[in-house]
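Let's take a look at how the chains of a protein model sit against each other, and at a few residues inside it. Have the structure open beside you as you read.

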Protein chains: 4
Amino acid sequence: MIVIMQPGAPQAHIDHVIKTVRDFGLRDHVIVGTERTVVAVVGDERQADLQALENAPSVDRVMPVLAPYKVASRETKPEASIIPLGAHATVGDQKIAMIAGPCSVENRNQLLEVAHAVKEAGAVGLRGGAFKPRTNPYQFQGLGEEGLELLAEAREATGLAVVTEVMSIDQVDLVSRYADVLQIGTRNMHNFNLLVACGASQRSVMLKRGWSATFNEFLLAAEYIINAGNQNVILCERGIRTHEDYVRNTLPLAIIPAVKRASHLPIVVDPSQGTGHAYMVPAMCRASIAAGADGMLIEVHGDPEHALTDGAQSITPEVFSQIMKETKAIAEAVGRSA
Amino acid sequence: MIVIMQPGAPQAHIDHVIKTVRDFGLRDHVIVGTERTVVAVVGDERQADLQALENAPSVDRVMPVLAPYKVASRETKPEASIIPLGAHATVGDQKIAMIAGPCSVENRNQLLEVAHAVKEAGAVGLRGGAFKPRTNPYQFQGLGEEGLELLAEAREATGLAVVTEVMSIDQVDLVSRYADVLQIGTRNMHNFNLLVACGASQRSVMLKRGWSATFNEFLLAAEYIINAGNQNVILCERGIRTHEDYVRNTLPLAIIPAVKRASHLPIVVDPSQGTGHAYMVPAMCRASIAAGADGMLIEVHGDPEHALTDGAQSITPEVFSQIMKETKAIAEAVGRSA
Amino acid sequence: MIVIMQPGAPQAHIDHVIKTVRDFGLRDHVIVGTERTVVAVVGDERQADLQALENAPSVDRVMPVLAPYKVASRETKPEASIIPLGAHATVGDQKIAMIAGPCSVENRNQLLEVAHAVKEAGAVGLRGGAFKPRTNPYQFQGLGEEGLELLAEAREATGLAVVTEVMSIDQVDLVSRYADVLQIGTRNMHNFNLLVACGASQRSVMLKRGWSATFNEFLLAAEYIINAGNQNVILCERGIRTHEDYVRNTLPLAIIPAVKRASHLPIVVDPSQGTGHAYMVPAMCRASIAAGADGMLIEVHGDPEHALTDGAQSITPEVFSQIMKETKAIAEAVGRSA
Amino acid sequence: MIVIMQPGAPQAHIDHVIKTVRDFGLRDHVIVGTERTVVAVVGDERQADLQALENAPSVDRVMPVLAPYKVASRETKPEASIIPLGAHATVGDQKIAMIAGPCSVENRNQLLEVAHAVKEAGAVGLRGGAFKPRTNPYQFQGLGEEGLELLAEAREATGLAVVTEVMSIDQVDLVSRYADVLQIGTRNMHNFNLLVACGASQRSVMLKRGWSATFNEFLLAAEYIINAGNQNVILCERGIRTHEDYVRNTLPLAIIPAVKRASHLPIVVDPSQGTGHAYMVPAMCRASIAAGADGMLIEVHGDPEHALTDGAQSITPEVFSQIMKETKAIAEAVGRSA
């Protein structure tokens, strides 16, 4: 932590900062600059809320030095983590994991048709929501446990790993019985109790970045899950809120090299939520793979115009087939497979 | 809903849109423009996910006409709602509700001293977290039920209404036993299960806007609570995530006239979270009251430098006293009291 | 400047950073932490682009310590600056400067009617664009010099100071002949050649913040003008681009206390551009004054529905009169006048 | 244009809207919905500022239907434009145009070494600033005409096309004498006088998107240039301002399919400005090409740590060579060459 004093800070105020730092069991290091004095704080700054020193007299601001996350960092674990995606696939290895399926499980036919189609095209995972967090209370909220049963049936029929969302603590056990991967949605990335509950599960967890979460907040959310006992965390970028109006969300793909540098966890990209428009999905799949993504999470629906949810950004199985062909070519160009 | 076709859309594609609209039980109204054809959809567009029509051939985009919320709207209830704040105060009436207290309940002395101080200065509510959503898993997570007991004791001693956060469904009953107002934090505004659970409580609910929530999403979250049976919703603006770096959050006060125009619900402002810096709090209190806020939610701590949470943005009781004086003057200037 | 090394950085890499720092004529100060080594750089970091050290081996990141602006800072000039607004008024003094008028000068009648109306209500400045930066090339681009002549005539008739935009270097002399204050628009805040050209003028300059400018960039733009020889800079906040969709721009009023803390320059607020909606203007005027703004810049039009530009956010002279009454009350409440 | 009335709008107010629309020479089409009445406006809405109707009584909001740009649109020109990049290359054709070079021209040796290196690796264009828009007035501002001469010399020596920035109208002629492509920087995208001046030049123009420009504003800026007589416009995405803090700018690659759908103009990507970190540049090059970019604009410096500008985001010629290899593989995978 670096405490920057205001210009002309009296010695008594500098001494006060030093004393406070020492009271926290940390060491200080005072640097008298030409314009300002700086107090560098040595020791593990994570325990103390030193930011509060901004309220001390003559303090201008306080800047953290250490990354706030530990177990999610590459410093702690230099080699990349490879996370199980059900019994037959992984995320984070040489092969890129393609996960596809409808936004919501709507009925048996809809789900099985899509599952067979994406399996045939080369997907290794099946996505589909049984519990749907809906902004609008008047719209379809998901089939609940019936949806989970259909997902399990589809896995039985196709061998695809099932990825589905868990919205609250009391759903963790239920969803864990059916799913291979528990998905934590963007609206719940900061739901710390849910993170801890998923950390106690044996299932892999796919953690979607919050709409406006910072990079550190994203990795700290993973840290919650790992600290609760579950190492199998897959990060998922799904777009952020910005001023842009030709997309529903802005998809910031530079997060891929940033995650690879800072963390050992794999990262997948959701280009459907990440743009909000079906026509952008193929280009964003290619771009994500080229940038180094470990997998894709794609909304596919047999009849997007009549999808109960997210129809505007769902692609058809035919488009998904085409994407798989492009993906394989791009994957090869970057030394991977798909 | 307005469906805008691409230029040169063939009649078959226009017919397809018309058919889809009619299949949803809605009426269509086709307008042939000089450059584009537009299909206006008449009927309640809230039930259907017509946005999916963006995936239909030759459709350019789909624009909603109706506000998605109903019971939170001023159309449904033209007169302003006045919401109870414990036994002795309200939010939304002529008198502005000043709610103050520490970010976290840390111990008995800390809480009671602040409670007495803010009461004496003119506050009607006491804020303080017993369950703390912390981004960083290594930092103080709150006292839990012990914190709730201390809050109840402080109410007993001062008459202040207690406002405190509920983080998950399983805490709703517990917190309802102690608190006058259940606070839903910014990280939980989209936690729809929690909204519904609070909707089943008899307590007033203070709903904080999500960091990146849109206006409609904010009112739809209130709609969830009201639909679940609880009319007593207080909206709270607490700042949004933007590119600005001299603040921790950007406080958008134009939401006050926007809420007053669109909804009957009262709105309070949190200038502590809303800026992240103690030195900005007095100016933002004055500005919020001047803009028409129905109350303020302010972090006050006896020793901000040593606060376990949010020290950088907490003010002292002395500053709060000064704010109350300024607030009263501003309130008078806009025909209210504080 | 603080250079933060990666964990486990070898001594050779630390030595390389030290050497580079010394090559720039700066002093180094090495702090060996428990997890990372930090190199604090002492000396005036403004001349060198030390940020480039991020490219040195084992460097994690580089954080500036000093504010990049000097002559605009309160450290350089502790007392608040009072800037002339024509012959009869100032900005930055006890009296709040109300500046009002149409977005564009459209014709003689339109301008003179508004000028007389706002003068009578209490304004001290007249705004109005003769050169209009229009996003859309097909829309009204302003009357040019004829507009300037009409503005000068309106000043003659009312005594109001004229504030009008200058869009390019070749307009500076022309506009300076007619106007009391040269306005630099939000789209030109980073037009450094124009800043320098206005710095060479004898007129006061009203500098509008760029849509997405940071705080430091805003003050650095003022620095350009002052360094070019013109001390008379008035800052103007006019809203920023964010994800919010119920406003055209988000108005961040916390910039007012931030400017007051960091700079000696006065700040005015434009609530018309700052929200984009006429109905929000009165509330944002009250809020700005309450927060400590030194003036307001408001779009007023005799017939907003038929305004050639910015009709959606223009208020009528009647509403302006009402705002002046409210403003006076708020100003008094904060110990000023209007 | 669609005018949405408030619920319960009286007939007189609807009639008033109708009359106003007709006064503008446009046709109206009234749709009485179950909750609201909507007035659809038929005709070319680009000339009139109908947005001002938001100020008419009982109007809720006004939504445009037509895209505001015309000559930049794919409707006007369905086939993709291929723009000359000097005498030997193009942008927008099957071959992807790689443009590389230093942020600033610093001296003869620096420029020629980089030029030869990037030429050998496969670049077709040389970037380099002679006039530098610097946020900080105390930093290097470019060599001016001497820099242009060096760029011309480097072209002579290597055959690379020269791309360099023009900051103001009075530089257009000068820069046109030396450069093959006039670059309009992000800070000048809204500098309409400069757009028009470049439109009068015979040189191709590379138009960088403003930090916070919307999609429509970006294409309208191109429209200004084309309307002024210059068809040869190359769009360039260089990152936007968001809340993200692990990058200097957020690079929104979904703009590539959006541009391809809406416009005939080619689009290149600047991954150096677009992220602000050298280590992210290779991944963002691969991603951009995979997404369909027509070219790349990359900052390359022989000694990034000592670069006078943008050192943190400059890559070395060795890294550029590696990028060219990866680019060729990706280009092939998407059916192009590089």
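What follows goes through two interfaces, then some ring pairs and charges over rings, and then two single residues.

A quick word on the ground rules: this is a predicted model, where local features need pLDDT of at least 70 and side-chain atom pairs count only at pLDDT 80 or more, while totals for chains, interfaces and linings use all residues. Residues are numbered from 1 along each chain as its sequence is written, chains are lettered from A and ligands numbered from 1 in the order in which they are written, and side-chain values use heavy atoms, with hydrogens and water left out.

## Where chain B meets chain A

How many residues from chain B and chain A does the contact take? It takes 59 residues from chain B and 59 from chain A, with contact meaning heavy atoms within 4.5 Å. Between them, chain B and chain A bury about 4,600 Å², and carbon and sulfur atoms carry 49% of that. (Buried area is the accessible area, taken with a 1.4 Å probe, that two parts lose on being put together, summed over both.) On the chain B side, B:N55, B:Y138 and B:E305 lose the most area to chain A, together 17% of what that side buries.

Now for the charges and polar atoms. There are 4 salt bridges between chain B and chain A; a salt bridge is a side-chain nitrogen of Lys or Arg within 4 Å of a carboxyl oxygen of Asp or Glu. The rule also finds 25 residue pairs in polar contact across this interface, both residues at pLDDT 80 or more. A polar contact is a pair of N or O atoms within 3.5 Å; within protein, one must be able to donate a hydrogen and the other to accept it, and residues adjacent in sequence count only if both atoms are side-chain atoms.

Which helices of chain B help out? α1 (11-23), α5 (192-199) and α6 (215-227) of chain B each supply at least two residues of the side that touches chain A, and α6(B) gives the most, with 5 residues. Helices here are DSSP runs (H or I, at least four residues), as are strands (E, at least two), numbered from the N terminus.

## Where chain A meets chain D

Here 36 residues of chain A are in contact with 36 residues of chain D. The area buried between these chains is about 2,700 Å², with 71% from carbon and sulfur atoms. Three residues, A:H243, A:Y246 and A:Y279, supply 21% of the area that chain A buries against chain D, more than any other three.

Chain A and chain D share 2 salt bridges and 8 residue pairs in polar contact, both residues at pLDDT 80 or more. On the side of chain A that touches chain D, α7 (255-262), α8 (281-291) and α9 (317-333) of chain A each supply at least two residues, and α8(A) gives the most, with 6.

The table shows one salt bridge from each interface.

| Interface | Salt bridge | Closest N and O atoms |
|---|---|---|
| Chain B and chain A | A:E54 with B:R248 | 3.0 Å |
| Chain A and chain D | D:E244 with A:R209 | 2.7 Å |

## Rings, and charges over rings

Over all chains the count is 8 aromatic pairs. One of them is A:F215 with D:Y246: the ring centres are 5.2 Å apart and the planes at 35°, so this pair is tilted. The pair crosses between chains, from helix α6 (residues 215-227) of chain A to the loop between β12 (233-237) and α7 (255-262) of chain D. Rings of Phe, Tyr and Trp (its six-membered ring) pair if their centres lie within 6.5 Å; planes under 30 degrees apart count as stacked, over 60 as edge-to-face and the rest as tilted. Both A:F215 and D:Y246 are buried, meaning under 20% relative accessible area (exposed is over 50%, partly exposed in between; 1.4 Å probe, protein chains only). The rings of C:F192 and C:Y224 have centres 4.8 Å apart and planes at 25°, so that pair is stacked.

Charges can sit over rings too, if NZ of Lys or CZ of Arg is within 6 Å of the ring centre and within 35 degrees of the ring normal. The charged end of C:R261 does this over B:Y279, 4.2 Å from the ring centre.

## Two single residues

Is A:S314 buried or exposed? A:S314 has a relative accessible area of 2%, so it is buried. Its side chain has a polar atom 3.0 Å from the backbone oxygen of A:D310.

D:Q183, in strand β10 (residues 181-184) of chain D, counts as buried at 4% relative accessibility.
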